[in-house]
Amino acid sequence: MSIKVKQKTFIITSTNGDVIEADIIINCAGLFGDEVARMFEPNFSHKINPRVGEYYILDKSESCLTNSIIYPVPSPEGKGVLVI
């Protein structure tokens, strides 16, 4: 729910009311990492924009079709299709 800085430590309050004091915090919030970063720095300007993509894995019997990974050009709507 919140992160406060107290001298050289961080005070973290969870949604169920638990309070944790930590010397170091690692932001591994994934798609919500930008929101967690704003708890430390309200002016954090980066925004995570999730994208949908697809992966196709070819069977070894189709190895004649390509000998490398094919990366598409991403678009505003998604990451495209990745062929492996």
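Gly17 lies in the loop between strand 2 and strand 3, and I would like to begin my presentation there. Please bear in mind throughout that the structure shown is a predicted model. With a relative accessibility of 47%, Gly17 counts as partly exposed. A second residue gives a sense of the distances involved: Gly17 and Glu62 are separated by 45 residues in sequence, and their C-alpha atoms lie 55 Å apart in space.

Let me now turn to the strands and the loops beside them. The loop between strand 1, residues 2-6, and strand 2 contains Gln7. The phi angle of Gln7 is near 55 degrees, which is a positive value in a residue other than glycine. Is Gln7 buried or exposed? Gln7 counts as exposed, because its relative accessibility is 78%.

Thr9 belongs to strand 2, which covers residues 9-13. In contrast to what we have just heard for Gln7, which is exposed, Thr9 is buried, at a relative accessible area of 13%. The cut-off for burial is 20%, so a value of 13% places Thr9 under it. Which residues does Thr9 contact, once its neighbours within four places in sequence are left aside? They are Lys4, Glu21, Ala22 and Asp23. With one of these, Glu21, the side chain of Thr9 also makes a polar contact, side chain to side chain, at 3.4 Å.

I move next to helix 1, and to Asp34 in particular. Asp34 is located in helix 1, and it is buried, since its relative accessibility is 5%. How many salt bridges does the structure contain? The count comes to one. That salt bridge joins the side chains of Asp34 and Arg38, with a distance of 3.8 Å from N to O. Both of these residues lie in helix 1, and they are four residues apart, which is about one turn of the helix. Their surroundings can be set side by side: Asp34 is buried at 5%, whereas Arg38 is partly exposed, with a relative accessible area of 28%.

Asp34 also has partners further along the chain. Not counting residues up to four places away in sequence, Asp34 touches Phe44, His46, Lys47 and Ile48. For Ile48 there is a further detail: its backbone nitrogen lies 3.0 Å from a polar atom of the Asp34 side chain.

Ile48 brings us to the surface. Which residues form a nonpolar patch there? They are Leu31, Phe32 and Ile48, and together they have about 290 Å² of accessible area. Two members of the patch can be placed in the loop that precedes the helix. Phe32 is found between strand 3, residues 19-22, and helix 1, residues 33-40. Leu31 is likewise in the loop between strand 3 and helix 1. Phe32 counts as exposed because its relative accessibility is 52%, and Leu31 is exposed at 53%.

Leu31 has contacts of its own that deserve mention. Apart from residues up to four places away in sequence, Leu31 touches Ile48 and Pro50. Leu31 and Arg51 are 20 residues apart in sequence, and the distance between their C-alpha atoms is 10 Å.

A different pair may be set beside that one. Ser68 and Asn43 are 25 residues apart in sequence and 42 Å apart in space, C-alpha to C-alpha. Where is Ser68 found? Ser68 is in the loop between strand 4, residues 52-56, and strand 5, residues 78-83. Ser68 is partly exposed, with a relative accessible area of 43%.

My final topic is the cysteines. A disulfide is a covalent bond between the sulfur atoms of two cysteines. How many disulfides does a search of the whole structure find? The search finds zero. As for the cysteines themselves, Cys28 is exposed at a relative accessible area of 69%, and Cys64 counts as exposed at 67%.

To close, I return to two points. Asp34 in helix 1 is buried and shares a salt bridge with Arg38. On the surface, Leu31, Phe32 and Ile48 make up a nonpolar patch, and Ile48 is also one of the residues that Asp34 touches. Thank you for your attention.

Definitions and conventions: Residues are numbered from 1 along each chain as its sequence is written. This is a predicted model: local features need pLDDT of at least 70, side-chain atom pairs count only at pLDDT 80 or more; totals for chains, interfaces and linings use all residues. Side-chain values use heavy atoms; hydrogens and water are left out. Patches are made of residues with over 30% relative accessible area and no salt bridge: like charges are joined within 9 Å, nonpolar side chains (Val, Leu, Ile, Met, Phe, Trp, Tyr) within 5 Å. Accessible areas come from the Shrake-Rupley method with a 1.4 Å probe; for residues, only the protein chains shown count as cover. A salt bridge is a side-chain nitrogen of Lys or Arg within 4 Å of a carboxyl oxygen of Asp or Glu. Buried means under 20% relative accessible area, exposed over 50%, partly exposed in between (1.4 Å probe, protein chains only). A polar contact is a pair of N or O atoms within 3.5 Å; within protein, one must be able to donate a hydrogen and the other to accept it, and residues adjacent in sequence count only if both atoms are side-chain atoms. Contact means heavy atoms within 4.5 Å. A disulfide is a pair of cysteine sulfur atoms within 2.5 Å.
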